[in-house]
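Student: I'd like a close look at a single part of this complex. Please start with the DNA-binding side and work outwards from there.

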Number of protein chains: 2
Amino acid sequence: MVSAPLDTIERPNAAKERLRLWIRLLRASRLIESELRERLKRDFDSTLPRFDVLAALYRQPDGMLMSDLSRFLLVSNGNVTGIVERLVKDGLVSRAAREGDRRTSIVKLTAAGERRFTEMAAAHEAWIEEFLGDVSLGDAERLSATLKTFRSNWEDGH
Amino acid sequence: MVSAPLDTIERPNAAKERLRLWIRLLRASRLIESELRERLKRDFDSTLPRFDVLAALYRQPDGMLMSDLSRFLLVSNGNVTGIVERLVKDGLVSRAAREGDRRTSIVKLTAAGERRFTEMAAAHEAWIEEFLGDVSLGDAERLSATLKTFRSNWEDGH
DNA sequence: GTATGAAATTTCAAGGTTGAAATATTGCGG
DNA sequence: CCGCAATATTTCAACCTTGAAATTTCATAC
């Protein structure tokens with residue numbers, strides 16, 4: 001007599017519990033995102049997508065291609081075009097031609113962009129601490145680990 | 001000699017851990033959202049915001065005002081106007097005048113909308129189970145509880 | 001060298017999102 | 001009744017987002 005696979009042994013409401021988890025996950029991230037959006041606008045006249053691009057570029061001082069940004073940020077190519085366009089107009093980001101391949105150009109933070117980003121990043125960290133400060137270190141570690149596992153499994157399968 | 005407040009006793013990387021938690025939370029919900037969006041489009045020629053509105057109305061057979069929807073879904077008033085407009089055009093939702101107050105109208109699912117929603121909801125549940133099936137029941141409960149606590153604290157303070 | 005397919009990017013239409021301003025209606029104090 | 005603040009909603013400009021089509025450049029087989 002073989003045993004049933006693990007998932008049929010789970011209490012029958014496991015699926016319901018995971019559905020509830022998704023709904024709460026979504027609501028939590030929307031709450032935080034909307035508060036972040038509001039404050040980025042208020043304090044820096046900026047937006048979350050712009051902040052994301054600056055953060056990505058900050059980690060790569062040698063610059064990134066448009067497609068690098070798109071892949072890293074999980075947004076479409078066409079989307080990146082518009083956001084970078086506006087950041088260039090604001091003087092926070094530069095695009096330099098790349099010899100050897102005229103299809104691409106390297107996107108980098110300007111000095112102003114780097115200054116700007118460090119200000120925004122400091123505020124951002126403080127805000128997150130304000131929002132999530134009540135989550136204990138232990139809970140944060142557990143949650144974080146679960147989400148990491150989820151994402152690894154996801155990306156292996158897709 | 002008094003002791004320092006609790007949060008200064010925590011290991012100094014607690015803030016970093018919570019920041020990491022936020023980043024993973026955001027990435028996880030974006031991954032899932034984007035997969036859901038794609039499938040709603042593919043299988044039902046619909047969108048996540050439309051699904052959200054249908055779900056809200058399904059829970060309230062007597063109908064909701066525009067402002068009820070806006071409050072419940074955490075999106076702006078103007079936003080709801082457009083989404084409901086399109087759902088009406090699709091015949092999934094109706095708006096009925098309300099005597100006694102000509103500013104408002106009651107938004108309800110039509111019979112077609114109800115049929116449509118139950119199809120979508122079944123697919124939605126299966127998809128979430130597909131995405132999150134690897135999260136154990138225990139983890140799901142813990143995570144869910146943490147997120148619920150976070151939201152309660154948040155909403156008390158804001 | 002030249003077609004031709006691959007790769008990187010841009011353009012575009014449709015929709016979602018916000019916050020602020022504009023409209024319409026109600027309710028109420030005087 | 002009349003004015004006027006409060007309430008419910010719509011309109012609007014600006015931005016974000018996607019997926020598909022168009023464009024440009026590269027690389028390679030012939």
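Which helix supplies the largest share of the surface near DNA strand C, and with how many residues?

Tutor: Helix 5 of chain B supplies the largest share, with 4 residues. Some ground rules come before the details. This is a predicted model, in which local features need pLDDT of at least 70, side-chain atom pairs count only at pLDDT 80 or more, and totals for chains, interfaces and linings use all residues. Residues are numbered from 1 along each chain as its sequence is written, chains are lettered from A and ligands numbered from 1 in the order in which they are written, and side-chain values use heavy atoms, with hydrogens and water left out.

Start with who sits at strand C. A residue is near a strand if one of its heavy atoms lies within 4 Å of it. For DNA strand C there are 24 such residues, and Ser67(A), Thr81(A), Thr104(A), Ser76(B) and Arg86(B) come nearest. Of the strand C atoms that come within 4 Å of the protein, 80% belong to sugar and phosphate.

Both chains take part. Helix 4 (66-73) and helix 5 (77-89) of chain A each give at least two residues to this surface, as do helix 3 (48-58) and helix 5 (77-89) of chain B. Helices here are DSSP runs (H or I, at least four residues), numbered from the N terminus. By class, the surface has 6 nonpolar, 10 polar and 8 charged residues. In this scheme Ala, Val, Leu, Ile, Met, Phe, Trp, Tyr, Cys and Pro count as nonpolar, Asp, Glu, Lys and Arg as charged, and the others, Gly among them, as polar.

Now the polar contacts (pairs of N or O atoms within 3.5 Å). Thr81(A) has a side-chain N or O atom 2.9 Å from a phosphate oxygen of DNA strand C. Arg50(B) also reaches a phosphate oxygen of strand C, with a polar side-chain atom at 2.9 Å. Ser76(B) uses its backbone instead: an N or O atom there lies 2.8 Å from a phosphate oxygen of strand C.

Turn to DNA strand D. It too is surrounded by 24 residues, with Ser76(A), Arg86(A), Ser67(B), Arg103(B) and Thr104(B) the closest. Sugar or phosphate makes up 81% of the strand D atoms within 4 Å of the protein, and bases make up the rest. Helix 5 of chain A gives the most to this surface, with 4 residues. Helix 3 (48-58) and helix 5 of chain A, and helix 4 (66-73) and helix 5 of chain B, each give at least two. The classes are 6 nonpolar, 10 polar and 8 charged.

The contacts on strand D include a backbone one and a base one. A backbone N or O atom of Ser76(A) lies 2.7 Å from a phosphate oxygen of strand D. Asn79(A) puts a polar side-chain atom 3.1 Å from a sugar or linking oxygen. Arg103(B) goes to a base: a side-chain N or O atom sits 2.6 Å from a base oxygen of strand D.

How do the two protein chains relate? A turn of 180° and a shift of 0.0 Å along the axis lay chain A on chain B with an RMSD of 0.1 Å. The two copies are thus related as by a two-fold rotation axis. The fit is by least squares on the C-alpha atoms of residues with pLDDT of at least 70 in both copies. 98% of the interface residues of chain A are also interface residues in chain B, so the copies meet through the same surface. Contact there means heavy atoms within 4.5 Å.

Finish at the axis. Leu143(A) is the residue of chain A closest to it, with its C-alpha at 3.0 Å. Leu143(A) also lines the largest cavity, together with Asp139(A), Arg142(A), Thr146(A), Asp139(B), Arg142(B), Leu143(B) and Thr146(B). A cavity is a set of points, on a 1 Å grid over the protein atoms alone, where a 1.4 Å probe fits but cannot get out; lining residues have an atom within 4 Å of a point. The largest cavity holds about 70 Å³, where volume is the space filled by probe spheres set on the points, joined across faces, edges and corners. Helix 7 (137-157) of chain A and helix 7 (137-157) of chain B each supply at least two of its lining residues. That lining has 2 nonpolar, 2 polar and 4 charged residues.

Note on methods
Polar contact = N/O pair within 3.5 Å; in protein donor to acceptor, adjacent residues only side chain to side chain. 1 Å grid on protein atoms, 1.4 Å probe; cavity = no way out; pocket = protein on both sides within 12 Å on 5 of 7 lines; lining within 4 Å.
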